[in-house]
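Biologist: Before we discuss particular residues, please place the model before us. I shall then put my questions one at a time.

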Amino acid sequence: MRSPFAKTALFLSVSVALAALLASATSLDVSLTAPQYVVLHSFKTYEIREYAQTHPNMWVSTTVNGESFKDASSTAFHRLFGYISGQNIAKERIPMTKPVVMTWVDAKGEQVPMTMSFYVPPSLSHPPVPTEKDVLLNVETRMIVAVRKFGGFADAEDAEREVASLHADLDRDGITRANDGFSLAVYNSPFRVISRHNEVWVPVTFSTFAEHEKLMDAKLGSDVPTVKSLDLKKYLGRFFQMYDSRIASWTVERNAFCATADYGLGSDGKVSVFNSEHYGSVTGPYHNITGYAYIPDQAYPGRLKVHLAGVPYDGDYWVLELGPVNSDGLYSYAIVSDRHKASLFILARDPAEFDSKYRETVLAKVKDLGFTHFYNQPVLTVQNGCTYPPKHFG
């Protein structure tokens, strides 16, 4: 690929402005706020991330046209640094964040437009409007990228080399790039000499990734054990959510109280889904979402997929263990996760019975299954003092 940029160290292009910001300590970059993301799949040399999965991200950006990489990055950085230093209608100083992201829509040509962006911290609910006409606020609603990490003081040729390697990996794995652009993300101040963290981001199409994940499962299988038999009729009715995982409590079930899941059986053999919760407290606003679940491969009856209204893809609903059948002929509890063991949902028919009979055994079981990491360990769902809607499926 023809080099679009002269060999220029990013360290040299932005060090003056970064030094002014971070001169008080060499380790401040460690504590800077960064946008949250979810890792959809990890490979040996890269990973697939989804940004702004549940909440939009705000960025402040500026675009420089027709300049060399050195000049463009210096011009862009000083514009954005000016914005966070008070060049906005509120004359407000805004904390520095990480990473500094430089994006090229088209990587061909010696001099191409480059957009540099700073992440706006979520604590700033109403960011002030920039006074500089070339600095703009923008909202990122959802972004899926392939990410390759590398160290050192990143320059243009480093970024191009890493992007070329990432392109080769994506082509090998059958993952389609969404466009010809890429981003260089720099996480550290120039004072950090060792253990530097840089990334290149390449947008990918989600539909292709979903097809790829299905293909990889077919070839490699999964080490997550699921139940060998599942009687759907014994799974119907209401479950109370006793635990979810930390990653779920941060994202799809953030501030959820009194969560329940109602299941019914449709004439097409699919399981109707009605999930409900109170938001913020046991008396907070009532939320619900509907959908359906199905078994894509009858050879694996515990590996269901679930489709929820408004969600553009079907997620895993893997049943890892079922409790004994109760007096109503229904499974007394269920342990549910996904192929990566990132999520965890422990469901019970009767919270009081679960607490007295099954809690210790189930928690020991999920520990044995590997739900011990910070992101997937069980987090208690409040079920005391709750009011619930009528059962949705009778």
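Biologist: Leaving aside neighbours within four places in sequence, which residues is lysine 305 in contact with?

Modeller: The model is a predicted one, and lysine 305 lies in strand β14, residues 303–308. With neighbours within four places in sequence set aside, its contacts are Tyr292, Ala293, Tyr294, Pro296, Asp314, Gly315, Asp316, Tyr317 and Arg339.

Biologist: Is lysine 305 buried or exposed?

Modeller: The criterion for burial is a relative accessible area under 20%. Lysine 305 has a relative accessible area of 16%, so the residue is buried.

Biologist: Which residue has its backbone oxygen 3.3 Å from a polar atom of the side chain of lysine 305?

Modeller: The candidate should be sought among the contacts of lysine 305, which include Asp314, Gly315 and Asp316. The backbone oxygen that lies 3.3 Å from a polar atom of the lysine 305 side chain belongs to aspartate 314.

Biologist: Two further contacts of lysine 305 are Asp316 and Arg339. What is the N to O distance in the salt bridge of aspartate 316 and arginine 339?

Modeller: Aspartate 316 is in strand β15 (residues 315–322), whereas arginine 339 is in the loop between β16 (333–337) and β17 (345–348), and 23 residues separate the two in sequence. Aspartate 316 counts as buried at 18% relative accessibility, and arginine 339 is buried at 11%. Their side chains meet in a salt bridge with an N to O distance of 2.6 Å.

Biologist: How many salt bridges does the structure hold?

Modeller: The pair of aspartate 316 and arginine 339 is one of them, and the pair of aspartate 169 and arginine 148 is another. For the structure, the number of salt bridges is 17.

Biologist: Which elements does the salt bridge between aspartate 169 and arginine 148 link?

Modeller: The side chains of these two residues meet at 3.4 Å, N to O. The residues are 21 apart in sequence, and the bridge links distant parts of the chain: helix α3, which holds aspartate 169, and strand β7, which holds arginine 148. Aspartate 169 counts as buried at 10% relative accessibility, and arginine 148 is likewise buried, at 17%. The linked elements are helix α3 and strand β7.

Biologist: Why are arginine 172 and aspartate 169 separated by about one helical turn?

Modeller: The side chains of arginine 172 and aspartate 169 meet in a salt bridge of 3.1 Å, N to O. At 55% relative accessibility, arginine 172 counts as exposed. The separation is about one helical turn because the two residues, both in helix α3, are three residues apart.

Biologist: Which residues do salt bridges that share partners join into one network?

Modeller: Aspartate 169 is a shared partner, since its side chain meets those of arginine 148 and arginine 172. The network comprises Arg148, Asp158, Arg161, Glu162, Asp169, Arg172 and Asp173.

Biologist: Which are the edge strands of the open sheet of nine strands?

Modeller: The sheet has antiparallel pairing and the order β1-β2-β7-β9-β8-β4-β5-β3-β6. An edge strand pairs on one side only, and the edge strands here are β1 (37–42) and β6 (135–140).

Biologist: Which residue of β5 is the bridge partner of methionine 102?

Modeller: Strands β4 (residues 100–104) and β5 (residues 114–119) pair in the antiparallel sense over three bridges. In β5, the bridge partner of methionine 102 is methionine 116.

Biologist: What angle does the direction of α3 make with that of β7?

Modeller: Helix α2 (residues 69–84) packs on the sheet, touching β3, β4, β5 and β6, and its direction makes about 30° with that of β5. Helix α3 also packs on the sheet, where it touches β7 (143–150), β8 (182–186) and β9 (198–203). The direction of α3 makes an angle with that of β7 of about 120°.

Biologist: Is the disulfide of cysteine 258 and cysteine 386 left-handed or right-handed?

Modeller: The structure holds one disulfide, which joins cysteine 258 to cysteine 386 with an S to S distance of 2.1 Å. Cysteine 258 is in strand β11 (residues 256–265) and cysteine 386 in the segment after β18 (378–380), 128 residues apart. The torsion about the S-S bond is about -80°, so the disulfide is left-handed.

Conventions: Residues are numbered from 1 along each chain as its sequence is written. This is a predicted model: local features need pLDDT of at least 70, side-chain atom pairs count only at pLDDT 80 or more; totals for chains, interfaces and linings use all residues. Side-chain values use heavy atoms; hydrogens and water are left out. A disulfide is a pair of cysteine sulfur atoms within 2.5 Å. Helices (H or I, at least four residues) and strands (E, at least two) are DSSP runs, numbered from the N terminus. Buried means under 20% relative accessible area, exposed over 50%, partly exposed in between (1.4 Å probe, protein chains only). A polar contact is a pair of N or O atoms within 3.5 Å; within protein, one must be able to donate a hydrogen and the other to accept it, and residues adjacent in sequence count only if both atoms are side-chain atoms. Contact means heavy atoms within 4.5 Å. Two strands pair if DSSP finds at least two bridges between them. Axes are lines fitted to C-alpha atoms, for helices over the stretch in contact, and angles run from 0 to 180 degrees between N-to-C directions. A salt bridge is a side-chain nitrogen of Lys or Arg within 4 Å of a carboxyl oxygen of Asp or Glu.
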